[in-house]
Protein chains: 2
Amino acid sequence: MDQVAAAAGVSRATVSRVINNAASVAPGIRDAVQRAIASTGYVPNVAARSLVTRRSNSVALVISEPDRPDDHSFLNRIFTDPYFGRVTAGATGALRPHDVHLVVVPTDSADHHQVIRYLRQGHVDGVLLICSSEHDPLPGQVHALGIPAVLSSRPAAPLPVSHVDLDQRLGARLAAEHLIARGCRRLATISGPLDIPAGSERLEAFRTAAGADAPAVIGDFTRAGGEAAAHRLLDDHPDLDGLFVASDLMAEGALRAVQDRGRRVPDDVAVVGFDDSSPALECRPQLTTIRQPVEEMAAEMAQLLVAHIDEPGRATRSVIFQPTLVLRASA
Amino acid sequence: MDQVAAAAGVSRATVSRVINNAASVAPGIRDAVQRAIASTGYVPNVAARSLVTRRSNSVALVISEPDRPDDHSFLNRIFTDPYFGRVTAGATGALRPHDVHLVVVPTDSADHHQVIRYLRQGHVDGVLLICSSEHDPLPGQVHALGIPAVLSSRPAAPLPVSHVDLDQRLGARLAAEHLIARGCRRLATISGPLDIPAGSERLEAFRTAAGADAPAVIGDFTRAGGEAAAHRLLDDHPDLDGLFVASDLMAEGALRAVQDRGRRVPDDVAVVGFDDSSPALECRPQLTTIRQPVEEMAAEMAQLLVAHIDEPGRATRSVIFQPTLVLRASA
DNA sequence: CTGAAAGCGCTTACAG
DNA sequence: CTGAAAGCGCTTACAG
């Protein structure tokens, strides 16, 4: 930096001002400094800057799961799950124009303190938080830290934190109504884990529309889990003719189970998925599903986070997206 | 930090020493400082530390593609591709014990300079570099920067940079020999892009084993690309009975194409994939494939990078993994 | 084994 | 509009 200052014949303060394009620099001086920067190839040191600005220009995407039996497979599942992939893509894209980078931090309850430590060290200016359980204490802990955060769903305990969510109930209702409208009479569902809204609310709303006694098996949002759940359902209810599965990944497994039992989709059993992520197109038949604009939702989270970082006192906000029914071949 | 020093009745220097557990601190003092740290809940500021140590304790995973027609779909593809997911998982897992974090940086040739700038700013201590073209100038540029780097395949131009790679030729040979051994007589292949070893070498080695005139279509490592390529191949060579596809993702598409034409797998056409990633298990029939230990390879890259960061002059090294044939139902 | 002091490379009131 | 100076919060020779 001193080199640049010397080359341009100004002080370091002035160099700093043109780099951060502060309002008040004489055009002539500004040009001289810019030339000096170009010729020296100077790039400001980010640690020194962070030290005084208290900004890192990075945010964390924390993906928190309650327990993690095995480190290896946990990481594999997270980074291979199309849902998290879409979240990462959406957030990365929205952050790029702000020149802020994303650090993905997978965690489970056993190392929450690691994450807290990471955040307290000032590595990042804020955090996008995705929890797979309502009882996860992390949102509360992060909020207590006073670091800007945006959640991917409504917090269980009321917390003054912005969040982005999907109208889960509407999604499930759309699915149920479609199955009913196409003539299905014995509906059942494979839900997600019940300790998150994406599990409990989709199940409740489905039963509200399909009948309170509609059979349900709780899945785990994995393909294998969906397959097993479908077999269980078909064992107990061999005559079911309409199935709502709370994620496309599980629906892919369920489709397989139905077909392996020699039942045709959609003629014998109609299947509706949820998400509209890549597995929906990979299945045969392709999945009729409830579309969730995951990338846009993640982008919105990122935008909200940036806003909270830029304006600390900013009012908290909740943004709810509406799902839509996407008709394909499975129902 | 001053609080901690005051509470423990020592100087900041001593506090710093116990935090970085420098050898020489009297046990009694050490304990007192640790108690003081615990009671104050002190966490060192990472920017201040980086400024003096010149270490960020982060590394970048740069995924470079030659061109990117559309930002949105590029990010989506990257973060949704099982191969990159496995790389991320492997690297994250290996880095965690070293307490270093991973920043994923997707890029194309249009914003190489952004990446260079990012690296020069000192955001990270080193970079894991994955290029999808041999002609990508990024490895050379990164090396010129003098920042530690590890590549995911042998650099085209000889470059004194460590890299991890797979014995691509062996993999293709394994595939060809298996198809021949099971009785296939009219072999063909769907290769990857020819400007990377994973494309060109697999193709060459396949033809060495299967016959120099074995039909080949060049794919793009996407599912849709594999499907289209298989149709093309079957149009031109309706009698082929053995197909080697250079990635599982493409193989999944190819399987579909073969089956959509009413040909049975493996009876009419045997199909061998490459990677042994999740799509191999999702296909019906499940894929016989060439296993590539992607997570381990990424972990090795991470370990090499850490070693280079810790020991700047360290000799460069290339680590080659051996692929293996995994027998399942498709061939 | 420990402390006083310098210094890492920036930004930003404060004067002028 | 610009500069001199202080300061961000650490670490690390250098003495002792």
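## Cysteines

A:Cys283 is buried, because its relative accessibility is 3%. Buried means under 20% relative accessible area, exposed over 50%, and partly exposed in between, with a 1.4 Å probe and protein chains only. B:Cys283 likewise counts as buried, at 3% relative accessibility.

This is a predicted model, in which local features need pLDDT of at least 70 and side-chain atom pairs count only at pLDDT 80 or more, while totals for chains, interfaces and linings use all residues. Residues are numbered from 1 along each chain as its sequence is written, chains are lettered from A and ligands numbered from 1 in the order in which they are written, and side-chain values use heavy atoms, with hydrogens and water left out.

Over all chains, the structure holds zero disulfides. A disulfide is a pair of cysteine sulfur atoms within 2.5 Å. A:Cys283 is in no disulfide, and the nearest cysteine sulfur, that of B:Cys283, is 12 Å away. For B:Cys283, also in no disulfide, the nearest cysteine sulfur is that of A:Cys283, 12 Å away.

## Two copies

Chain A can be laid on chain B by a turn of 180° and a shift of 0.0 Å along the axis, with an RMSD of 0.0 Å. The two copies are therefore related as by a two-fold rotation axis. The superposition is by least squares on the C-alpha atoms of residues with pLDDT of at least 70 in both copies.

The interface fits this picture. Of the interface residues of chain A, 100% are also interface residues in chain B, so the copies meet through the same surface. Contact here means heavy atoms within 4.5 Å.

## DNA strand C

DNA strand C is surrounded by 27 residues. The closest are A:Arg12, A:Ser16, B:Thr14, B:Arg17 and B:Ile29. A residue is near a strand if one of its heavy atoms lies within 4 Å of it. Of the atoms of DNA strand C within 4 Å of the protein, 66% are sugar and phosphate.

Polar contacts are pairs of N or O atoms within 3.5 Å; within protein, one must be able to donate a hydrogen and the other to accept it, and residues adjacent in sequence count only if both atoms are side-chain atoms. The side chain of A:Ser16 places an N or O atom 2.4 Å from a phosphate oxygen of DNA strand C. A:Asn20 has a polar side-chain atom 3.0 Å from a phosphate oxygen of this strand. A:Ala48 uses its backbone: a polar atom there is 3.4 Å from a base nitrogen.

α2 and α4 of chain A and α2 and α4 of chain B each give two or more residues to the surface near DNA strand C. Helices are DSSP runs (H or I, at least four residues), numbered from the N terminus. The largest share, five residues, comes from α4(A).

## DNA strand D

Around DNA strand D there are 28 residues, of which A:Thr14, A:Arg17, A:Ile29, B:Arg12 and B:Ser16 come nearest. Sugar or phosphate holds 65% of the strand's atoms within 4 Å of the protein, and bases the rest. Two phosphate oxygens are listed with partners: a polar side-chain atom of A:Thr14 lies 2.6 Å from one, and one of B:Ser16 lies 2.4 Å from a phosphate oxygen. B:Arg12 reaches a base, with a polar side-chain atom 2.4 Å from a base nitrogen.

α2 (12–19) and α4 (46–53) of both chain A and chain B each supply at least two residues of this surface. α4(B) gives the most, with five residues.
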